[in-house]
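Work through the exercises below with the sequence and coordinates open. Each task is followed by a stepwise solution.

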Amino acid sequence: MVLGNIHSYESMGTVDGPGLRFVIFLQGCPLRCKFCHNPDTWKIGEKKIQESAEDTLKKIKRYKNYFGKKGGVTVTGGEPLVQNDYVLELFKLCKKEELTSADWEVIKESVDEELLGVHDG
């Protein structure tokens, strides 16, 4: 079982994708972008919340009725690709629950092809 290192959650996000979103801010980012909105998520290895994709999905499902047709789940950071295995597992579970998934702006060539296959945005 892969565990995700999570910085925090936002249960009713409105700016990180279409519709209402359950936003998962992952912990850890090596990029240090000059205008990063979440520098508090940079420290890799810091374990604020550590949980499986299944446990994260249980939290998400509590809000499913509010998402409507456009809403869903967004994973951001930190840098989600640092935790590719966790994100892949979470997106697979979301797809089974018919939850749309969105993520960060990425350079598509650097992303695991399996992850791209289960991600909606």
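**Exercise 1.** Does Arg32 count as buried, partly exposed or exposed?

Solution. The model is predicted: local features need pLDDT of at least 70, side-chain atom pairs count only at pLDDT 80 or more, and totals for chains, interfaces and linings use all residues. Residues are numbered from 1 along each chain as its sequence is written, and side-chain values use heavy atoms, without hydrogens and water. Step 1: buried means under 20% relative accessible area, exposed over 50%, and partly exposed in between (1.4 Å probe, protein chains only). Step 2: Arg32 has 42% relative accessibility, so Arg32 is partly exposed.

**Exercise 2.** Find where Arg32 and Glu98 lie, and state the sign of phi for each.

Solution. Step 1: helices (H or I, at least four residues) and strands (E, at least two) are DSSP runs, numbered from the N terminus. Step 2: Arg32 sits in the loop between β2 and β3, with a positive phi of about 55 degrees although it is not a glycine. Step 3: Glu98 belongs to the loop between α2 and β5 (100-102); its phi is positive too, about 60 degrees. Step 4: Glu98 is exposed, at 72% relative accessible area.

**Exercise 3.** Which residues of helix α1 (residues 53-61) are buried, and how are they arranged?

Solution. Step 1: the buried residues are Ala53, Thr56, Leu57 and Ile60. Step 2: they lie on the same side of α1, because their arc around the axis is only 105 degrees (taken from the directions from the helix axis to the C-beta atoms).
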